[in-house]
Amino acid sequence: MNFADLAYPDLPMEAVHLLPLGATEPHGPHAPLATDTLISVGICNRAAERLEGEMQVLVLPAVPYGVTRYGSAFPGAVSIGEETLRSLVTEIADTVGPLVLVNSHFEPEQVATLRSTGLPLLDLTRRKNAERLTDEFRSGSCHAGRYETSLVLAEQAELVHVDRMLALAERHVDIPAAIRAGQTDFAAMGMDQAYCGSPAEASAEEGRQTFETLTEMLVELIREVGA
């Protein structure tokens, strides 16, 4: 299932490859910098397991860096440029064959760059996908909030500082509206601790339920690509 764990003679002749994409950036005082990457990897692993016996699906090593400028006012934001991301993704696709991009970092420049590759993309910002996700996700106020924190609790709970999480007040920030208004960093949006939404309400159970929905979406896309 994990591409890099295999020896080369054991690679299947035909497979759909999944590339988890994320970012290294602040996710509140409670969640890991790797939040977006962990979520993408979790979706990919679950989808590959779901399709075992039906088709060959391999999960590539994750790309843990993305176009990450909005968190630059805080320690921990490591950004690459759009052209770097585009080149990396397209060259990987040229090497491995059928490739599906799985992205959980929603900075507009990141999403636009991935769309521009023309590769199959699990794009959760598309309305038809967003409508299947949680109320907080659809509200646009979900950076390191209940949605993302729940997913990390379901995947690697030991990385969440639960004491800090429970102390965080709900903070509503309509990120898409703020972006349309020209605000380009979390601090300007009023996210003085690099989070919005309701992280204190997060739970592993909600994370497991959301992973189930995300996995269903990815499985549907993989079947389209592998048909």
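Helix axes here are lines fitted to C-alpha atoms over the stretch in contact, and angles run from 0 to 180 degrees between N-to-C directions. The model is a predicted one.

**Exercise 1. Work out how α6 and α9 are oriented to each other, and which residues make the contact.**

Step 1. Locate the helices. α6 covers residues 146-156 and α9 covers residues 204-226.

Step 2. Take the geometry. The two helices pack at an angle of about 95°, and their axes lie 7 Å apart.

Step 3. Apply the cut-off. Angles of 65 to 115 degrees count as roughly perpendicular. Therefore α6 and α9 are roughly perpendicular to each other.

Step 4. List the contact. α6 contributes Arg146, Tyr147, Ser150, Leu151, Leu153, Ala154 and Glu155. α9 contributes Ala204, Glu206, Gly207, Arg208, Thr210, Phe211 and Leu214.

Step 5. Sort by class. The contact has seven nonpolar, three polar and four charged residues.

**Exercise 2. Lay out the sheet and find its edge strands.**

Step 1. Write the order. The open sheet has four strands, β2-β1-β3-β4, with parallel pairing.

Step 2. Find the edges. β2 (57-59) and β4 (121-122) each have a single partner strand, so one side of each lacks a neighbour in the sheet.

Step 3. Check a pair. β1 (residues 16-21) and β3 (residues 99-103) pair in the parallel sense over five bridges. Leu21 has Asn103 in β3 as its bridge partner.

**Exercise 3. Compare the chain with a compact globule.**

Step 1. Set the expectation. For 227 residues, a compact globule would have a radius of gyration near 17 Å.

Step 2. Compare. The protein chain has 17 Å, which agrees.

Step 3. Add burial. Of the 227 residues, 49% count as buried.

Key. Residues numbered from 1 in each chain as written. Predicted model: local features only at pLDDT ≥ 70, side-chain atom pairs only at ≥ 80, totals over all residues. Heavy atoms only, no water. Parallel < 35°, antiparallel > 145°, perpendicular 65-115°, else oblique. Contact = heavy atoms within 4.5 Å. Nonpolar A, V, L, I, M, F, W, Y, C, P; charged D, E, K, R; others polar. Pairing = 2+ DSSP bridges. Rg over C-alpha atoms; globule rule 2.2 N^0.38 Å. Buried < 20%, exposed > 50% of the residue type's maximum accessible area, 1.4 Å probe, protein only.
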